[in-house]
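Please explain how the strands and helices of this model are arranged, going from the sheet to the elements that lie outside it.

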Amino acid sequence: MRIYRRKAEIRFLAAVLVSIFFSVVPQVSVPGNAQAPAVREIACLVRVDDIDPTIVIEMRYATKNNFTGKQIYPVHVCVLHKGTAAKLIAAHSKVKKDGYRLKVWDAYRPPHVQRIFWDLVRDERYVRNPAKGGSKHSTGGAVDVTLVDSRGRELEMPTLFDEFSERAWRSNNSWSPEARENSDYLTKAMTEAGFEPIHEEWWHFEDSDAAKYSPVDVKLEWFVAIPESVS
Ligand SMILES: [Zn+2]
């Protein structure tokens, strides 16, 4: 009985701590849309699918299908700085009008993951050195994207994701005409929404305001643990 009571007390204490945690996490709602679900927000980061559930999310580092061959992220969740998320949704709305959708391969990347990638690749053309400020991904201000058609099939692009070679460079002349056209279309949609491309990776785009954002160290699991409905 004593042990049972102790367990009950621990459960009660845990419930109190969880409720305190959720009460201090700032929550925002989509303005002007009473039907929209609440948007989970921690340290200016938000879940992209809270804002637009029609965007396709395939977080490669939450699977083994990535250049490391290992699952790096503990949960499958797409998180960005709220300003960057708004721009991404604007780009997504543009391509949707043409019958396409954006598919996200990577977004917010916790700083400790950047250190794992740096230790594996050690090439500053492809992975930013954590000792020199790290990646814009760790601010939530960078996103890796491609395009899918109305049936969810990926459009032809210059390379697969995380091709760390000159084949992924924008200056590469060996891209097929279709891959070039699709990449140009994606780049146009993203830049018009406020992103900047980089030369070495056709899939990587940085929010033009990303320099204003600081790297933040939060756990992706937190965005899954927060209840769907918050008051
Ligand atoms: Zn990237």
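What follows describes a predicted model, beginning with its open sheet and ending with a loop residue.

Five strands make up an open sheet, and their order across it is β4-β6-β7-β9-β8, with mixed pairing. At the edges stand β4 (56-57) and β8 (195-197), each of which pairs on one side only. The neighbour of β4 is β6 (residues 101-106), and these two strands run parallel, joined by two bridges; within this pairing, Val 56 stands opposite Lys 103 of β6.

Two helices pack on this sheet. Helix α3 (residues 82-97) touches β6, β7, β8 and β9 (204-207), and its direction makes about 140° with that of β6. Helix α5 (residues 177-192), for its part, touches β7, β8 and β9, while its direction makes about 145° with that of β8.

A further pairing is found in a hairpin, where strand β2 (residues 39-42) and strand β3 (residues 45-47) are antiparallel and share two bridges. Glu 41 has Val 46 of β3 as its bridge partner, and of the two residues between the strands of this hairpin, Ala 43 takes a positive phi near 50°.

Finally, the loop that connects α4 (111-121) with β7 (142-148) contains Gly 133. Is this residue, Gly 133, buried or exposed? Gly 133 counts as exposed because 11 other C-beta atoms lie within 10 Å, and the cut-off for an exposed residue is 12 or fewer. The C-alpha atom of Gly 133 is separated by 9.8 Å from that of Pro 111, although the two residues are 22 residues apart along the chain.

Methods
Residues are numbered from 1 along each chain as its sequence is written. This is a predicted model: local features need pLDDT of at least 70, side-chain atom pairs count only at pLDDT 80 or more; totals for chains, interfaces and linings use all residues. Helices (H or I, at least four residues) and strands (E, at least two) are DSSP runs, numbered from the N terminus. A residue is buried if 20 or more other C-beta atoms lie within 10 Å of its own, exposed if 12 or fewer, and partly exposed in between; C-beta atoms are placed from the backbone. Two strands pair if DSSP finds at least two bridges between them. Two residues are in contact if their C-beta atoms, placed from the backbone, lie within 7 Å. Axes are lines fitted to C-alpha atoms, for helices over the stretch in contact, and angles run from 0 to 180 degrees between N-to-C directions.
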